[in-house]
Protein chains: 2
Amino acid sequence: MVTIQEVAKYANVSVGSVSRYLNGYKLRPNNAKRIEEAIRVLDYRENMIAKALKSNQTLSVGVLLDNLLSHFSSAVVAAMGDFFEKQGYSMLLSGYRDDPKQVRRKVEFLTDRGIDGLIVATMEEDWEETQVLRELAIPVVSLVTPITFESIDSLLFDDAACTRKVVAAMIAGGHRRIGIISAPQTDFVARQRLAGAKAAFEEAGLELTDEWVYVNDYSRESGYAGMRQFIKQHATAVFVCNQNTSLGAIQQIQEQGLIVGQDMSFAAFDYLGIGEIFYPKLTMVRQPVGELGQLAAKTVLEKIRNKQPYSGKTIELANEILWRDSIQDIT
Amino acid sequence: MVTIQEVAKYANVSVGSVSRYLNGYKLRPNNAKRIEEAIRVLDYRENMIAKALKSNQTLSVGVLLDNLLSHFSSAVVAAMGDFFEKQGYSMLLSGYRDDPKQVRRKVEFLTDRGIDGLIVATMEEDWEETQVLRELAIPVVSLVTPITFESIDSLLFDDAACTRKVVAAMIAGGHRRIGIISAPQTDFVARQRLAGAKAAFEEAGLELTDEWVYVNDYSRESGYAGMRQFIKQHATAVFVCNQNTSLGAIQQIQEQGLIVGQDMSFAAFDYLGIGEIFYPKLTMVRQPVGELGQLAAKTVLEKIRNKQPYSGKTIELANEILWRDSIQDIT
DNA sequence: CTGTTAGCGCTTTCAA
DNA sequence: TTGAAAGCGCTAACAG
């Protein structure tokens, strides 16, 4: 490993000059040229570890997701990774396996490695473990879920509004027996989506009663079970609030010999672009996950660079509703 | 930030002793106890950057994937991440966006950050850019694709064998007009899978002619187009060699008003578990991606710890064939 | 603008 | 076993 010292010697200048050159300070053109040449012929590469030790900056950011194994996470990570790398930052990735208990350990794991900023996803503000974020000396950005500590920015989706619109479309199509496959209401996202559905009913002067709300556990199986219940109740339309769950729901419909989106009106949240491979194509709400990732990366970097870890903004990104043909008009 | 010095002062020992304590050396019980207490009351955390500078080990490994945005990548990353973290290692993630030209830059990006080991995926041995791996002073593991440099271990799947078996089942079912939606033969994986299909034909005394091989470009659209061609040619069965492509193929079948796996026998490689949501359920070959990730992590760590970067083994993991009902018997 | 030098927090000789 | 001290590669005063 060639060091700054050797470059200095080769170029016949002091290490200070080399360091300054490397950091973009002006120096005598002649010296600059000699240093540049030395760097080239010696194939010098700067030692980021030494730099980090001295400057207390690692040029890395931590990313703590609920679960690494999902399309959401890979899309977010892909977008962030690209952005960070262009900016010279690396990304330390970690997942807490949907288990809040692990959050503290994971955050320590990351901060121990000297990350300059942290992005977390799907952490509920009222978890005890979320409180560790309060004392962090680095910028934090929360994804999907709002955390209203003054030090944290939150980036959300407009799930409620979109759910409301889609369910409203079902109602407008004459549907009254509409099942909602929702998720545990302890989760912010689940609350949002169900609230959207309820709003649609209220606006139409109707009420969404409990028997038409099935609470899943995010598994495919629970989507399968929920759909079975609704078919028994002679639902004419079902909205599924979660991607994975929706696969189970679709499976149930098919197994009953029904055609999704025709014999049973259907819509769901989707990341995979699964809606297109059916016929009729399925109406889906798609979250701009890549955008979210990129915006998250941009936001932390700004906070890191401006050294202003505190702001506390909340930004809501608009989902896209892919209106297709799976909500039948039965008026 | 409390340092080793402060701990030493508090415990009334030298920094050397604290360092030795931290690294598991034996010292006078009394001293050890005092140090332990100092660490506790001062809430000392070791500075990994300083440690890394001194010891030339960052306790991190680089992971360079073709593309971060796929189920393959998230599954592999999830498995590796878990394993690494348990072992105290962090993971620097990077993708080269399916563009070999980027490989050199990305590898430098990672090595500049002092990674102790590197895992790469889907890099073809004959790419010029792959040669940079030759000079790396750290252990390297190649995923999915064999790289026979003596310094590199390769972890592969038995795609050829599985493709052969599935296509053989189609032939056994009486199918003769079998379409294979394959991928560019410049890619190792694509060659393997097509070779498997050809082998099945040969074993049956048949021949797989060019008109029954459609070369996709990994896009959904090309699956869509390939399937259209085969439907025109009155294929009775189609095997799709790539996950994403298979979605397009399914879409085409549905749009023709046909039922996948019934009107058109069908099988494909799958990661998403998409085969189950159809009726009939689809026969799919599934790669043990999580296993691969874990084995990869294990392998690099062993190489890092044994300080034996050279071995050059190749291991083949067995895929799982999920036999379902989408290959009809037409004899 | 440049050279010298004191550390950043840690590990690891070397003596004691 | 332990303490003292050198030094990993770099940055940032400080003095010139």
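This note goes through the domains of chain A, the contact between two of them, and the protein surface around DNA strand C, all in a predicted model.

1. Chain A is divided into three parts, of which domain 1 covers residues 4-46 and domain 3 covers residues 159-286, while domain 2 is built from two stretches, 58-158 and 289-317. When you trace domain 2 in the structure, please keep both of these stretches, 58-158 and 289-317, in view.

2. The centres of domain 2 of chain A and domain 3 of chain A, taken over C-alpha atoms, are separated by 30 Å. Ten residues of domain 2 of chain A and eleven residues of domain 3 of chain A take part in the contact.

3. Between domain 2 of chain A and domain 3 of chain A, an area of about 820 Å² is buried, and carbon and sulfur atoms give 59% of that area. On the side of domain 2 of chain A, the residues that lose the most area to domain 3 are A:His71, A:Glu124 and A:Asp158, which together account for 56% of what that side buries.

4. Which kinds of polar pairing are counted between domain 2 of chain A and domain 3 of chain A? The count of salt bridges between these two domains is zero, whereas six residue pairs, both members at pLDDT 80 or more, are in polar contact. On the side of domain 2 of chain A that touches domain 3, α5 (71-86) and β5 (152-157) each supply at least two residues, and the residues of that side divide into six nonpolar, two polar and two charged.

5. Turning to the nucleic acid, 25 residues surround DNA strand C, and the closest come from both protein chains, namely A:Leu27, A:Arg28, A:Asn31, B:Ile4 and B:Tyr44. Of the atoms of DNA strand C that lie within 4 Å of the protein, 61% belong to sugar or phosphate, and the rest belong to bases.

6. Three approaches to phosphate oxygens of DNA strand C can be inspected one by one. An N or O atom in the side chain of A:Asn31 is 2.4 Å from a phosphate oxygen, a polar backbone atom of A:Arg28 is 3.0 Å from a phosphate oxygen, and a polar side-chain atom of B:Asn23 lies 3.3 Å from a phosphate oxygen.

7. The elements that give two or more residues to the surface near DNA strand C are α2 (15-22) and α4 (48-55) of chain A, together with α1 (4-11), α2 (15-22) and α4 (48-55) of chain B. The most is given by α2(A), with four residues, and the residues of this surface near DNA strand C divide into seven nonpolar, ten polar and eight charged.

Technical notes
Residues numbered from 1 in each chain as written. Chains lettered and ligands numbered in written order. Predicted model: local features only at pLDDT ≥ 70, side-chain atom pairs only at ≥ 80, totals over all residues. Heavy atoms only, no water. Domains from an automatic or database assignment. Contact = heavy atoms within 4.5 Å. Buried area = accessible area lost by both parts, 1.4 Å probe. Salt bridge = Lys/Arg side-chain N within 4 Å of Asp/Glu carboxyl O. Polar contact = N/O pair within 3.5 Å; in protein donor to acceptor, adjacent residues only side chain to side chain. Nonpolar A, V, L, I, M, F, W, Y, C, P; charged D, E, K, R; others polar. Near = heavy atom within 4 Å.
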